[in-house]
Amino acid sequence: MTGDTRPRTRVSLTVNGRAVEAMVEDRFSLGDFLRRDLALTGTHLGCEHGVCGACTVLVDGEAVRGCLMLAVQADGRHVTTIEGLADADGNLSPLQQAFMDHHGLQCGFCTPGILMTLTAYINESPDADEEALRDALSGNICRCTGYDTIVQAALSVLKPKGGV
Amino acid sequence: MVGRVFFGQSVKRLEDPDLLRGRGQFLDDIQLPGMVECAFVRSPFPHARVGAIDTSDARAVPGVIGVCTARALPDHMHGKRILLQVPSPAITNPLTQEPLATDEVCFAGEAVAVVIADNRHAAEDGAERVIVEWEPLPAVGNVADALKPGAAKTHAAMADNVAARQALGYGDVDAAFKNAAHVVRESYHTHRGTGHPMECRGVVADWDAVDQRFRIWTSTQTPHNTQRAVVDMFNLSEDAVRVITPDVGGGFGPKNQVYPEELVIPVLARMLERPVKWAEDRREHFLTTTQERDQLWDVAAAVDADGKILGIKAALIHDAGAYLPWGAIMPYISASTLPGPYVIPSYKIDATTVFTNMISTTPLRGAGRPQAVFAMERMMDAIARSLGLDPADIRARNLIPADAMPYDMGLTYRDGAPVKYDSGDYPEAQAKALHRAGYADFPARQAAALAEGRHIGIGIGNYVEGTGLGPFEGATVRVLTNGRVAIYTGAAAAGQAHKTTLAQICADELGITPDMIDVTVGDTGKMARGAGTYASRITVNAGSSVRIAAGGVAGKLKALAAAKFQVDPESLELLDGLVRITGTQGDQVSFADLAKMTSGMPGFVLPDGVAPDLEASGYFTPAQATYSNGCHVAEVEVDAETGRVKILNYVVVHDCGNLVNPKLVDGQVQGGVAHGIGNAILENMVYDADGNPLTTTFGDYLMPTAEIVPDCDIIHMQSPTPLNPLGVKGAGEGGTIPAPAAIVAAVENALKPFNIRITECPIRPQRIVQLINAAQQNT
């Protein structure tokens, strides 16, 4: 577009194991970039002010709010989104499968963020008890489920039953 | 496997595989070639006159394609407002919103212009640069102020702020009060909150200039209402407007009416001849998506010497907000819900609906019932206190006995039929809940806790809920030529797992597994008529229609196979996609082959009486609502220093008739209670006296989170209704309805040593501390 003065910056990063190079608008959040430029629409934007947690993704293995981090800040980092949780053959991760078995979702809009939050948390704290798990989950809002089935799903993949 | 039945089983959800992989298709995930995006210019004032609008700076912003105001809309939209959803003679001022406000805005957030750009970011830049000459006007920011003499006018041209007046009742209430041994009077106030689905609203529209048709995707519970509104606004034929719901990320009520954006985005798509998207952000959701629950109640009960209620007199003021998209349905539901599960021999209520300069109110999970149940249950507690009886005892003395079913309450429900409770055992529901909650031992627990300086309390909430409202929700079932089965229904889904539930019902009729079935919901192009997903009505209506339609298809399959094999249809059975002679391994034919034959194969002659295509439609039309019921018992601990409320135990006895999928019903109840906990202790949409919204982020407006919501102890009673072929009632709202009443009662009970009364909800920590301080200063 001629006369388009919107600032853009080149970024190179890894997304779900794939190398990505792009010119991104400076003001795009990581969530915007994933959804708009990479068409990874599984990451959802629920509040865009950092409270609801729907946009949570992993950056270098840590749970990060996709709405609070700028895309340019992800330059050189490893990003994992919900699209990267299942294995290459499409098999669900144990946590994803547990959500299916325990009815851990209803509308499914908050689910990707919750799965990413819990994936990071369970990797860090495989011995967590229910109270700690609920505390870790308290940064993600789900309006549908009332949380209990999510907690049950997460507890079912904690030790001694194996990793996420 | 013969005798396999999916109805009643906790079948895993057909919806999950895509949603768990991030492959859902929500509104904002839709990308069409050449699509542009929008941002709206919204009023910063609760009430103002709209002067000149200067769009020149906005048009110069990089990426901006255009700006549209009310006056730039096509002529056919000038002066037109959104179709009123439910007209009623009780409405004195049937005012709905304009697509874009022309001369006057009546709540903060009402849109006056829209900026179109190549992405949302640029559109927002443009919206900031639209200059509007506003002339602020006096405003009403509180339901209590609306009827005061000299109150500001919410709409400049109106004589007063009254939107509707309704009077309901039966029996001789004056005689009841004359003969009463006790009269108990209280006033209650319930505050605004909203649904806050995690997905906000949004619309994508595409105008096909060749076919002269719209395709409109909208995140709604009611696609057919959107279609009706677009047809009305554009004066098109219904065939020219196809409304499709993608995956919808939660509804909870506020997505069940037509919004201005659902008319503005289509008109832009037609003007620009390219697809247009608008995805609401959370701030817009706080400002412009409908809310509910601001009501003021005055209730008086006439009670005899034994604690039996003789009559109830009540007055209700209901906050409509700025417009009436849903008419005056909520105050009507409140008024007809108040008597609830109790024998109330006489009843009189006057409900006044008033306009205020806040976003309109429309049905929100419970729809007028949580407020009515709060008023009634708080009144039961007040009567108990007044007569020196236990709250459980006063309720037990007044509950409708099981042998009185069906019970005609004496009122007319919103569907025009009498309020006639169809089935249920209310005394048993309360008894079971009290037993599970350890109610009998509670005084000892409470005394022991108090000895440790801890304040624990217990509270009860009983309710009856009209569900499964008609007039209908249709379904078509078709066997496809590949042997799979398709179900189409108008009922949009927003997390309730309609696909799974409807597939379970269909699977049993056709002898197949649910994974053989593809369900399409909420697409007006696939189902011409529909009402929508609200009023806990889909399993009753669409579920029954699927049963009827699938039964029709089963009959056709058998008739065709019977003709082929020259046998009696009665001798055939359906199993795993085959029609075969019962119990033998002999002749059989697949659904796929029968579908191919009946789809127009040359040379194939249909047997007598069998219509072409392996398809049938069902339109179940219920004669009246079905009434679900339940009892909640909450046990809480209150920190008297900080006012923090912790829920220690929460018991739900729930009766929605037969359960199609118990795990899904549990999920509805648990999620509903979480919403009710929000309404009880957290969620409050605060406005200042002039109607300026003060809580517009999730930092100010607190939603229930995982460390607050307990695991509810849910007990199902199943009293099948005789009113539909499945014996089911609605389950989507019962979790929410009595929760504020039960929790607030428990908080009050915990604070017994301070002798405070709580007559409002939500009850937040600062208010609890304030009440304790006030009580201590008075002693």
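This is a short tour of a predicted model, moving from the contact between chains A and B to several helices and a sheet in chain B.

**Stop 1: where the chains meet.** Show both chains and select the residues that touch across them. On one side are 46 residues of chain A, and these are in contact with 44 residues of chain B. To find the chain A side, colour α2 (94–101), α3 (111–124), α4 (130–137) and α5 (148–157) of chain A; these are the elements that give two or more residues to it. By class, that side of chain A holds 19 nonpolar, 17 polar and 10 charged residues.

**Stop 2: α8 and α9 of chain B.** Select residues 329–337 of chain B for helix α8, then add α9(B); their axes come within 8 Å and cross at roughly 35 degrees. The crossing is right-handed. Show side chains for Ile333(B), Ser334(B) and Thr337(B) in α8(B), which meet Arg369(B), Gln371(B), Ala372(B) and Val373(B) in α9(B). Three residues of this contact are nonpolar, three are polar and one is charged.

**Stop 3: α9 and α10 of chain B.** Keep α9(B), residues 369–387, and add α10(B), residues 391–398; the two pack at about 110 degrees with their axes 8 Å apart. The pair is therefore roughly perpendicular. From α9(B), the contact uses Met380(B), Asp381(B), Ile383(B), Ala384(B) and Leu387(B), while α10(B) supplies Pro391(B), Ile394(B) and Arg395(B). Here the classes come to six nonpolar, no polar and two charged residues.

**Stop 4: helix α14 of chain B.** Select residues 538–565 of chain B. This helix has 28 residues and reaches 39 Å from its first C-alpha to its last, close to the 40 Å expected at 1.5 Å a residue. Then step to Gln566(B), just after α14(B), where phi is positive at about 60 degrees.

**Stop 5: a sheet in chain B.** Select β24, β25 and β26 of chain B: three strands in that order make an open sheet with antiparallel pairing. Which strands stand at the edges? They are β24 (572–575) and β26 (588–590) of chain B; each has a single partner strand, so one side of each is left without a neighbour in the sheet. From one strand to the next, the twist averages 20 degrees.

Now look along β25(B), residues 578–581, which three bridges join to β26(B). Pick Arg580(B) and its bridge partner in β26(B) is Gln588(B). Finally add helix α15(B), residues 591–598, which packs on the sheet and touches β25 and β26 of chain B. The direction of α15(B) makes about 70 degrees with that of β26(B).

Methods:
Residues numbered from 1 in each chain as written. Chains lettered and ligands numbered in written order. Predicted model: local features only at pLDDT ≥ 70, side-chain atom pairs only at ≥ 80, totals over all residues. Contact = placed C-beta atoms within 7 Å. Helix = DSSP H or I, 4+ residues; strand = E, 2+ residues; numbered from the N terminus. Nonpolar A, V, L, I, M, F, W, Y, C, P; charged D, E, K, R; others polar. Pairing = 2+ DSSP bridges. Axes fitted to C-alpha atoms, helices over the stretch in contact; angles between N-to-C directions. Parallel < 35°, antiparallel > 145°, perpendicular 65-115°, else oblique. Expected span 1.5 Å × (residues − 1). Left-handed = near helix turned anticlockwise from the far one by under 90°.
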